[in-house]
Protein chains: 4
Amino acid sequence: MSTPFDYQALLDETLREEKKYGERGQVASYIPELRKADPNMAGIALMTTRGIFTAGDTAVNFTLQSISKVLTLLLALEHRGVEAVFAKVGSEPTGDSFNSIVKLETSEQKPLNPMINAGAIAVCSLLPGQSVEERFGLIADLLEKILGRPVQIDESVYRSEKETGHRNRALAHFLKDIHALEGDVEEVLDLYFRQCSILVNCADLARIGMFLAAKGINEAGKPIVSANAVRLVSTFMVTCGMYNGSGEFAIKVGIPAKSGVAGGILGVVPGRYGVATYGPALDRKGNSVVGISMLRRLSQVLDLSIF
Amino acid sequence: MSTPFDYQALLDETLREEKKYGERGQVASYIPELRKADPNMAGIALMTTRGIFTAGDTAVNFTLQSISKVLTLLLALEHRGVEAVFAKVGSEPTGDSFNSIVKLETSEQKPLNPMINAGAIAVCSLLPGQSVEERFGLIADLLEKILGRPVQIDESVYRSEKETGHRNRALAHFLKDIHALEGDVEEVLDLYFRQCSILVNCADLARIGMFLAAKGINEAGKPIVSANAVRLVSTFMVTCGMYNGSGEFAIKVGIPAKSGVAGGILGVVPGRYGVATYGPALDRKGNSVVGISMLRRLSQVLDLSIF
Amino acid sequence: MSTPFDYQALLDETLREEKKYGERGQVASYIPELRKADPNMAGIALMTTRGIFTAGDTAVNFTLQSISKVLTLLLALEHRGVEAVFAKVGSEPTGDSFNSIVKLETSEQKPLNPMINAGAIAVCSLLPGQSVEERFGLIADLLEKILGRPVQIDESVYRSEKETGHRNRALAHFLKDIHALEGDVEEVLDLYFRQCSILVNCADLARIGMFLAAKGINEAGKPIVSANAVRLVSTFMVTCGMYNGSGEFAIKVGIPAKSGVAGGILGVVPGRYGVATYGPALDRKGNSVVGISMLRRLSQVLDLSIF
Amino acid sequence: MSTPFDYQALLDETLREEKKYGERGQVASYIPELRKADPNMAGIALMTTRGIFTAGDTAVNFTLQSISKVLTLLLALEHRGVEAVFAKVGSEPTGDSFNSIVKLETSEQKPLNPMINAGAIAVCSLLPGQSVEERFGLIADLLEKILGRPVQIDESVYRSEKETGHRNRALAHFLKDIHALEGDVEEVLDLYFRQCSILVNCADLARIGMFLAAKGINEAGKPIVSANAVRLVSTFMVTCGMYNGSGEFAIKVGIPAKSGVAGGILGVVPGRYGVATYGPALDRKGNSVVGISMLRRLSQVLDLSIF
């Protein structure tokens, strides 16, 4: 009988070897609250069919930020259907930074994809509900079904983004102008800022990754979202999940993944693992430096690339 | 003794010959209220030292729209000084349309000039005052000193712009993000929408033109603003006053001018005339078609080009 | 014992059902020679471990065009190494059309990826050799090892591109200016125009697809290029292989693929199939309309998506 | 009887006070030959009806570079007519740098104006003649009529530009692709590189300025080009003559002017003066730092602004 693979040793080694690269990055500064993060934090979590393995700072809470785009896209696809969603948002990578507004003016009157801020805000506006609370309830409920526990938001990050999110406001009003945003701009932004402020830890992200790796079935074995919605979302995670660093990530790591500027990366290894990293020091494109380093090593050792 | 030049005959002929070109344009549609204008309207007014001459629809009221940018720039230069103004706004033509946002992202962190919407909104934010009312009072007061009568705004246009001005809101929030807008975004926009909604007629515009032609001295002979501020504003009217049609206008007409999407054009012939046209049918760049036609003819006959 | 899957019936049905969509496209017009293609042509070929299956116009010769980018990238990676290649070309999708020059000026001094024209020309310049003939020999030799037969170019297409390829010349000289092109511009272009003019048919493309699906091992069982080079190239085929339609293709079809403006599409189903289509009527982004339709159906029936 | 104005004292003082600002600039580096210029050189020349006044390095020869665009535009307007010229080139300032290619792709299929490199190359292609020599003869002949002496080119600068002008080659091939360049690309570029390499000194430039100030009449009193062509060219000098620093120059100096990257600036004070400066240290936009400083002072003292 073969010895089961020692995931714990692999994670420990990965953390030990790659942690130092965090020095090459910088903590996000454009939201005042995010500047407070400790740039030396690093953690990695791997959810397998044998359970979860972790190394480093995997119990530290941080905010989802752009990783939340995965959840709203899943919900929009489920509640509004594929056609309604793609009437408001495109499906092409942009080559521009996550908060760029240029292509909104020079392209075909809708944001290029749902993983850049403009596209995610458009998708947010598609969630059904009479109020921001009701819509946010859909997101919280989805996460609760995945994680098996209630979620909450970081109030100070939420308020910080709401007060200083001028660029996102610019994007949202531009979207309104080109008819790519439904409803009231401030309400949609409120929902967007809330979802960005949801608190998770690295282990939570690995569970979300496993949920997607299992095509939408949660740990209790219950189907929560359709396999087709998961497939679409995973595709976007590959082509645009790491902002304008997605192409390089595809080559170096090769798994569906989504990063957030608070330092988290959510990874999916279809049919096998959920994987996640935490490290708030970011590269110029907004992705966790140590996160990418750790995932790259893991991908090589475990042969994770889908390509 | 020589017979004085027959300005009236010239204006009558100009209107008669050029009026038909209005058919080539279209009334502005992006503000719902503006769509109601009659595209066949046309008027021209020439203010000379011998008094004012008019032909056509020169008593019809319309809103200043972008022509108001001339007034706020004058006020900002007078109240804040040249350096403070150019710390927030550049001085280069853009080659892009009046409401473009692209250059805000790709250029040096401030709007390229005070005649495009982004730049004018930034300039608006520089006017001193404790409230929107107080700041608007400065603009109204300046106009009153020029025209010799109180001014009012078109309430329905103002409300229409305030409700539907999504693109301008996008610009203003973007400016806030790059620190090119002082104060509260909605207050600045409120001021901007108000100044755009000031009601004038074609004859009023000719009087404003004469005020600038006289280097800031009003009809009563009183200096209202400094000659230097007038010189700066006139320069911008040449390089950027007709949006991304300024270069062609300089070649064809050759005078400092500023157009508005309600159909007015304000023209300055330094030391000689104020000239103005009205015609709500616009070309693709947002300039009055019949207005440009009439000014071109007038420029040839009276040799108005400064070049 | 189970009946083997009836691939032939599937291809026949696919062709019959999807062929009509060719009407929605237009034959490429920017190279005069390509305009002569018959827009109603359509063919599909599937290379399996049981042999090759075809339906429609799969014996018609056409030129590789952009599909050749796959071959030169493989060769550049093998001969020059990963680092040398990515010193001259990036790895990000662009969101712009295949012949766009804008990003060369606004981005980081190298073409964004090796699948757009600019990037492919830069990659071309990396092939070793003393002359264009010698370098082209590398490409011809690689194809010969894959297809088991010598290849030739379409002389009239080659000359047509060489004479009228002004846009590609502009790209190449711009690359020279930013030090992203090695050697003589005209020689590099000559090589590029030759590789674009290589004649293949749809069945050939399916064999190339199978070669990549087998990680670089040809039909004779011989390793021709390294598995790592194949993995990198396959990744680029997913993120940028269908120009600025790659994101949508990933969602709808979900396999590594590369299109050419002569109407071919080369598809790879890792470990399973090589698949290819022909149909010279293109959509606005330069991809074969009927090709995408047929591949979409095939992907659904055979569950080909890697996502 | 009043004492005539002491121009010599003014020029001497101007040079003395402003010369130091040359330190803020850098000699052009993109053409290898230009790097050899002495960054501390500075000269100013003023051509008046009383003769020419000079101070500093006004006898040093340098190449016309972009200043030559003024001459070819004059010739194209004279030989081909206004309509033919503006069919190939626009009339709007761009806000982009002199060698930018972006707008060629994003705008309306022709270069935005004849003062940027792309536009000037397009204008070059419009000169009549059977050969490059014949066309260049037109330019040389025009200059000879203005300066009263034969001109020659700097062979090493010419060869240097011809060998390393990759960006200009990219522009020219792009122009060919969009049908904005007539004839053979390399021949047009040859002509463009030759005109850029014509040798002048600062005093020559002041004479050219006076020729334009006199609406096309040379020192011998002979009309060489039409007043209308001069008016058009002067207008472009105001709106685009100083690259993307034209707006600021209009505000600070306010005269038609054209700069070249070898360090010259040609200025026109309509009806009064020709003025020119030399100083090879350039600002980021490609304009002579000390040249702008000196012209600004002169403009203030002599009240030269046309605005």
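**Exercise 1. Decide how Met242(A) is placed, from its count of C-beta neighbours.**

Met242(A) has 29 C-beta neighbours inside 10 Å and therefore counts as buried, a residue being called buried if 20 or more other C-beta atoms lie within 10 Å of its own, exposed if 12 or fewer, and partly exposed in between, with C-beta atoms placed from the backbone. The model is a predicted one, in which local features need pLDDT of at least 70 and side-chain atom pairs count only at pLDDT 80 or more, while totals for chains, interfaces and linings use all residues. Residues are numbered from 1 along each chain as its sequence is written, and chains are lettered from A and ligands numbered from 1 in the order in which they are written.

The next step is to locate Met242(A) along the chain: this residue lies in the loop between helix 11 (227-240) and helix 12 (246-252) of chain A, where helices (H or I, at least four residues) and strands (E, at least two) are DSSP runs numbered from the N terminus. Once neighbours within four places in sequence are set aside, Met242(A) is in contact with Phe249(A), Ala257(A), Ser259(A) and Asn287(A), contact meaning that the C-beta atoms of two residues, placed from the backbone, lie within 7 Å. Finally, 8.6 Å separates the C-alpha atoms of Met242(A) and Gly260(A), which are 18 residues apart along the chain.

**Exercise 2. Compare the end-to-end reach of helix 10 of chain A with the expected value, and do likewise for helix 2 of chain D.**

Begin with helix 10 (residues 202-213) of chain A, whose 12 residues reach 16 Å from the first C-alpha to the last, close to the 16 Å expected at 1.5 Å a residue; the expected span is 1.5 Å times one less than the number of residues. Of these 12 residues, 12 are buried, so helix 10 of chain A is largely enclosed by the rest of the structure. Among the buried residues are Cys202(A), Asp204(A), Arg207(A) and Phe211(A). Just after this helix, Lys215(A) takes a positive phi of about 60°.

Turn then to helix 2 (residues 68-80) of chain D, where 13 residues should span 18 Å and the end C-alpha atoms are indeed 18 Å apart. Here 10 of the 13 residues are buried, so this helix too is largely enclosed by the rest of the structure, and the buried ones include Ser68(D), Lys69(D) and Leu77(D). Helix 2 of chain D is followed by Gly81(D), whose phi is positive, near 90°.

**Exercise 3. Work out which strands of the open sheet in chain D stand at the edges.**

Strands of a sheet pair through backbone hydrogen bonds, either parallel or antiparallel. In chain D, an open sheet of 5 strands has the order 3-2-8-7-6 with antiparallel pairing, two strands being taken to pair if DSSP finds at least two bridges between them. Strand 3 (51-56) and strand 6 (257-259) of chain D stand at the edges with a single partner strand each, so one side of each is left without a neighbour in the sheet. On average, and with direction ignored, neighbouring strands of this sheet are turned by 10° against each other.

To look at one edge, note that strand 2 (residues 43-48) and strand 3 of chain D pair in the antiparallel sense over 6 bridges, and that Met47(D) stands opposite Ile52(D) in strand 3. Helix 1 (residues 7-18) of chain D packs on the sheet, touching strand 2 and strand 3, and its direction makes about 25° with that of strand 3; axes are lines fitted to C-alpha atoms, for helices over the stretch in contact, and angles run from 0 to 180 degrees between N-to-C directions.

**Exercise 4. Describe how chain B and chain D are related and what each gives to their contact.**

A rotation of 180° with 0.0 Å of shift along its axis superposes chain B on chain D, at an RMSD of 0.0 Å, the superposition being by least squares on the C-alpha atoms of residues with pLDDT of at least 70 in both. The two copies are thus related as by a two-fold rotation axis.

The contact takes 24 residues from chain B and 24 residues from chain D. On the side of chain B that touches chain D, helix 11 (227-240) and helix 12 (246-252) of chain B each supply at least two residues, and helix 11 gives the most, with 6 residues.
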